[in-house]
Each structure stands twice: as structure tokens, then as C-alpha cells.
Amino acid sequence: IKINGQYIPRRRVVEFVRAHREIIEEIQPSFFELCVVMAFDHFARERVDIAVIEVGLGGRLDSTNVITPLLSVITNISYDHMNLLGDTLTLIAGEKAGIIKPGVPVVIGETHPESAPVFLKKAAETRSPIVFADQHFQVLEKETDSWRTTIYDVFRDGKPYLENLEVDVAGPFQQKNLATALQAWEVAGPVLPSSPTPLKTQHATLKTAELTRFMGRWQVIGQNPTVLCDSAHNEAGLRLLVERLLEAPFRQIHFVLGFVNDKSVEPVLALFPPGARYYFAKADIPRGLEATLLREKAASTGLHGRAYSSVKNALRAARRAAAPDDLVVVTGSIFVVAEVV
């Protein structure tokens, strides 16, 4: 919960819980549901001009979906939370499409043959203008500096749009994120409370993307050995992550790995390289998958390593075992990454 890059003050969190403790104990909301209400309260008190609200799970039945937005954005569709959202991309897309509101424009990040018809059908039903970002914006990565900043060339409908655009976040997923963000900005401009930022100013705005406190995605937290955290936790995210890591010039990769227990992990474990070293751990939450069980599932797919009593102990062991020119990666779950950033 942030406004202009500043986290909600601790005192505001305490005040909110104290003021609403009786109803919280009566309703027993989830942690996420409580945070959503707290965010809405904080934004209202501070009278923000624009609020960016991200769904937690799915969309249709998500607690964030009580709002009517100026714009709906759906980034990409991958297999995730299948026990709740469905076991096909079509079913998952149907849940995601639940954030499309009558007459409200919607931007879809990626065109996929299974999900696109779902979004088009929903948008037609709600009479919502719909646009697919990847059909208009093409983003090419020119160079990455120390895994902290990236320079892109952006084309719109095949013509130069932004050249040498420096963004101070890195990672293989940022090309798609950038295309989606630019398309969203273009669509949202006419409906924003204030006039849209000129194209020239977008350079400066995107360069300071780190103001969002974009933590836990392609975040370097140590050197010698390099320690990278990335909260990729579904098949699409982990495939991009592993593909980029295998291109990196490191002697050996060490994975500190943990997942939640309500997901099928075998398909994502198949994406990891057998030649890496593995340190399995359970995030300190009830949903965490037991480290010993994860070790057994990983072994069945050819990935071998040890189970540890905590994420921090697993990371400590990986750092001890790694040479200065090795790479240590903490991934698999947002909750796992949260314990070390």
C-alpha cells in the first residue's frame, strides 16, 4: 500500500486495525482482504488522484473487484491457482475477465488463442472498448546494465515510438510489461482526471519506475556471489526467468526454492535445469509446501538438493556453498522471496 512511492505509515495500519477490530474478528477476513480494505481507506483519506489496484487471485470473485475502474488491465494468462480458477487457460481467462466492467475500456497485454476469444466475448457483452497491447506495441531490449536497468526501443504499429528508453528495473518480463503499460497509458489518457503526460515526459517517468518500490522481481540483494530474488511463481513467469538465467555468464546456479501447497508444482519443476544445485525450503506461512515433500517431488523430475528448516537457512547454505562467480536465485513464491528482501 503506497502513495507516490511511500508506504502506508505503520501508525495508520495500527489505527485502522484498532478502529475496526470488532468487525474484523466477526467477519474473519483473509490477510489480503483486510489489506484491500485498508488500502481503500488510506487512498480515500489521502484523496489520491489515481489509484492502481491489483487483483489478488483471479478477478471475478476477488475482493478488489468491488470498484468500477477508469480502465481494466489484464497482463497475461498462465496456469496458476488452478484448484480455484480452473485447469484450462480458457477457464482461468474467464475468471480474469470478471474485472471487465460495462462501458469501461480494457487493455489485454498478450494475445493468446485460448484466452483472446474469452476477453472479446466478455467485452462485447459489456460493450467495453478492448485493445490488445502486443498488437500495437513492440518492445526491443537493447542492453541491460548489471541487471538493474534496461534500455529499450519501442515501436508502435511498426513505427519508432520511443528510442533508447531507459527503465530502472530489469528482468525478461519487463518487455511485455512495458508494452502493456504504454498501451494502458494511451487508452486511459482521455478518461484521466488530468491531461495525459506528454510523450517526452514518459521517458523520465518510466526511468523512475523504481518509485513503485518494485520489490522481489529480478532484485539483486547480494554480490560475490550474486544473489537474485524473483517472485515468479507460475509456469509463464518461471519459464521466462529460467531461460534468462541460463543465458547468464555464471559458473554455477544455486536455487533456493519454495512453493505454496495449493498448486501443482510438477509442471514448473520441469522447467528448472538438472545441473543446478537446489536448496528446498518452506515459507513461514500455513500455505507453504513442506520442504521435504518439495525435495521428493523435485527428485522425481531430476532435481536434487537438501531440505532446510527455513528460507533464511536455505539461503545461508547456498551462499556458503557458492563461489564468488556463482549465482544464487531465490524464487518459486512471493512468500519465499518476502522472507529475504
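What share of the contacts in the protein with a separation of 6 or more comes from residues 24 or more positions apart?

**Solution.** Contact means heavy atoms within 4.5 Å. Residues 24 or more positions apart account for 64% of the contacts with a separation of 6 or more.

This is a predicted model: local features need pLDDT of at least 70, side-chain atom pairs count only at pLDDT 80 or more, and totals for chains, interfaces and linings use all residues. Residues are numbered from 1 along each chain as its sequence is written, and side-chain values use heavy atoms, with hydrogens and water left out.

**Exercise 1.** Take stock of the protein.

**Solution.** Start with the elements. The protein has 13 helices and 14 strands. These are DSSP runs numbered from the N terminus (helices: H or I, at least four residues; strands: E, at least two). Next, burial. Of the 341 residues, 43% are buried, meaning under 20% relative accessible area with a 1.4 Å probe, protein chains only.

**Exercise 2.** Check helix 9 for length, burial and its start.

**Solution.** Length comes first. Helix 9 covers residues 235-247, 13 residues in total. The expected span is 1.5 Å times one less than the number of residues. That gives 18 Å, and the end C-alpha atoms are 19 Å apart, which agrees. Now burial. Glu235, Gly237, Leu238, Leu241, Val242, Arg244 and Leu245 are the buried residues of helix 9. Last, the start. There, a side-chain oxygen of Asn234 comes within 2.9 Å of the backbone nitrogen of Gly237.

**Exercise 3.** Lay out the open sheet of three strands and find what packs on it.

**Solution.** Write the order: 3-4-5, with parallel pairing. Two strands pair if DSSP finds at least two bridges between them. Strand 3 (72-74) and strand 5 (130-132) are the edges, each with a single partner strand, so one side of each has no neighbour in the sheet. Strand 4 (residues 106-108) and strand 5 are joined by three bridges. Ile108 has Phe132 of strand 5 as its bridge partner. Then add helix 7 (residues 174-188), which packs on the sheet and touches strand 3, strand 4 and strand 5. Its direction makes about 160 degrees with that of strand 4. Such angles run from 0 to 180 degrees between N-to-C directions, on axes fitted to C-alpha atoms, for helices over the stretch in contact.

**Exercise 4.** Do likewise for the open sheet of six strands.

**Solution.** The order is 9-10-14-11-12-13, with mixed pairing. Strand 9 (219-222) and strand 13 (305-307) are the edge strands, each pairing on one side only. Three bridges join strand 9 to strand 10 (residues 226-230), running antiparallel. Gly222 has Val227 in strand 10 as its bridge partner.

Key: Buried < 20%, exposed > 50% of the residue type's maximum accessible area, 1.4 Å probe, protein only. Polar contact = N/O pair within 3.5 Å; in protein donor to acceptor, adjacent residues only side chain to side chain.
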